[in-house]
Amino acid sequence: MPTYLSPGVFVEEVDSGSRPIEGVGTAVAAFVGLAETGPLNSPVRLANWGQFVSSFGDFMEGAYLAHAVYSFFQNGGGSCYVVRVGSGEDAATTVATGELPAGGKPAYRIEAKEPGAPGNDFSVEVTDNPSAPEGAEDTFKLIVRRGAQTVVEEFEGLTTKSGKTNVATRVNADSKFLKLIQTATGAIERPANGTVELAGGSLSAPARIETRDYVGDVADRTGFGGLEAVDEITMVCVPDVMAAYEQKLLDLEGVKAVQLAMIAHCELMGDRVAILDPPPGMNAQQIHEWRMRTAGYDSKYSTLYWPWIKVFDPASGANRFVPPSGAMAGIWGRNDDTRGVHKAPANEVVRGAVAVELEITSREQELLNPVGINCIRSFPGRGIRVWGARTLSSDPAWRYVNVRRLFNYLEESILGGTQWVVFEPNDPALWARIRQTIAAFLVNEWRKGALFGLTPDQAFYVKCDGETNPAEGIDAGMVLCEIGVAPVKPAEFVIFRLSQFSGGASLVE
């Protein structure tokens, strides 16, 4: 309290004692995989598909990262981080090109400086030179566009003659995007007005990729190690481990090593869940065998969805099967926005999916559901839906995805909203303020339907008093607060019991 020495009226601001806890975000995904371009081993935050194309390029043959991110946004995902792995040095690259004719025959070859599909966005227009002096009618102007309308460069006063005004000399010296190679010999006529579209640029996945490229190194912040510095991530997907498996760059043991590293990362961080992809081409018996014997995962921080889904592939212009993790991450985000993290992300339509790799029967799912394999099923008249919401944990307390993610949300929210407690006087007044702050937050979550119980007392308890904080704990500088919550569980098995009875007058009474 301040000391007053002069008579007068004074106003003081008094702390109310309760500080609200704000809920943290729950739907930020991380994708690790192969891309055409972009920074290596550096997480980049993206808010939409256009930002992915600008940073990492378009769909790429032999890789599933672009498909996963596209499906994430298509299915309602909000924002994500992308980590590009691999050196990119062993990729099969082609450069976008175009032919600039003169006198009815090819005269110059135009090449994009940027390799791969991004070069296909460029076009070059030949037009009259608006500032040509009298007697210089053979000069022309080049307009370089990226996309449909965006002009990125212009070159005026060009000729096909040797010297400083030569079109190839000017473009090669000053263009940031293109280079020009003369293919004709002898004198070359002025090119006719028109537009040349560049095409043919592509980049396939590297011919060599290893487990360590995905796992990375914590000290160097590569692979999964680069995600440790990003606290807001809540789910992790690595779809390209299956691309490496398809190309025989990794065997099933290599796939298992990468996915175990994913699980270890999520368990270490304690605030995110791994969405695992299954190997392609397996039937129900095979995926069960792989889950139980080959993989044998047991973690409350991981999930597995099966089978693969068929989507449209803009790179080839045809439908293809892709791993489901990207779409599942998007559905988690959509479910969090519309219902809340406490709602199981199941019985949701998979947007963009035209078919599943294998039609699953109820009998087959009876084999898979108990071991934590979440099935994606096609229902007549109801589309393709997620039909499972389990983790890969053998512990019944952590059987359901929504329970694990709800606790992640509560823990992170309480952790971030109670930082003001540090270095406060450790006395009953502080304990009361802690109880009040946390109870107010949990009451709001109960009202949203996240906690089970008809009253707040049935849904949770907060204990922070002299019993939880004895003298020896206070002397050690510790404040201990016990919190118990009753999470809602999904209605996984809905049973209606119908019986036949004989009607009669006596039953009407």
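Let's start with the largest pocket, whose lining splits by class into 10 nonpolar, 5 polar and 5 charged residues. Keep in mind as you look around that this is a predicted model. In total, 20 residues line the largest pocket, and the space inside comes to about 560 Å³. If you want to find the middle of the pocket on screen, pick out Gln365, Trp387, Gly388, Glu492 and Phe493, which lie nearest its centre. Two elements, α9 (362–368) and β20 (383–387), each give two or more residues to the lining. Helix α9 supplies the largest share, with 3 residues.

From there, hop along to strand β21, residues 460–463, where the side chains alternate. Phe460 and Val462 point to one face and are buried, while Tyr461 and Lys463 point to the other face and are not buried. Strand β21 has a partner in β22 (residues 482–485); the two run antiparallel and are joined by 4 bridges. One spot to check by eye is Lys463, which stands opposite Glu482 in β22.

Now for the sheets. One of them is an open sheet of 3 strands in the order β17-β16-β18, with antiparallel pairing. The edge positions go to β17 (318–322) and β18 (355–356), and each has a single partner strand, so one side of each is left without a neighbour in the sheet. Strand β16 (residues 309–313) pairs with β18 over 2 bridges, in the antiparallel sense. Within that pairing, Ile309 has Val356 of β18 as its bridge partner.

Another open sheet, again described by 3 strands and antiparallel pairing, has the order β5-β6-β10. Here β5 (97–102) and β10 (178–182) are the strands at the edges; each has a single partner strand, so one side of each lacks a neighbour in the sheet. From one strand to the next, the twist averages 30°. Strand β6 (residues 105–112) and β10 are antiparallel partners over 5 bridges, and Arg109 is matched with Ile181 in β10 as its bridge partner. Look for a helix here too: α3 (residues 167–174) lies across β6 and β10, and runs at about 150° to β10.

A few backbone spots deserve a stop before you leave. As background, most residues other than glycine have a negative phi, and most peptide bonds are trans. Against that, the peptide bond from Trp306 to Pro307 is cis, with omega near 0°. You'll find Pro307 in the loop between β15 (302–306) and β16.

Which backbone angle stands out at Lys248? Its phi is positive, at about 65°, although Lys248 is not a glycine. This residue sits in the loop between α5 (240–246) and α6 (252–269). Is Lys248 buried or exposed? With a relative accessible area of 74%, Lys248 counts as exposed, since the cut-off for that label is over 50%.

Asn347 also has a positive phi, of about 55°, and is not a glycine either. Its place is in the loop between α8 (325–338) and β18, the strand that stands at an edge of the β17-β16-β18 sheet. Asn347 has a relative accessible area of 36%, so it is partly exposed.

Conventions. Residues numbered from 1 in each chain as written. Predicted model: local features only at pLDDT ≥ 70, side-chain atom pairs only at ≥ 80, totals over all residues. Heavy atoms only, no water. 1 Å grid on protein atoms, 1.4 Å probe; cavity = no way out; pocket = protein on both sides within 12 Å on 5 of 7 lines; lining within 4 Å. Points joined across faces, edges and corners; volume = space filled by probe spheres on them. Nonpolar A, V, L, I, M, F, W, Y, C, P; charged D, E, K, R; others polar. Buried < 20%, exposed > 50% of the residue type's maximum accessible area, 1.4 Å probe, protein only. Pairing = 2+ DSSP bridges. Axes fitted to C-alpha atoms, helices over the stretch in contact; angles between N-to-C directions. Contact = heavy atoms within 4.5 Å.
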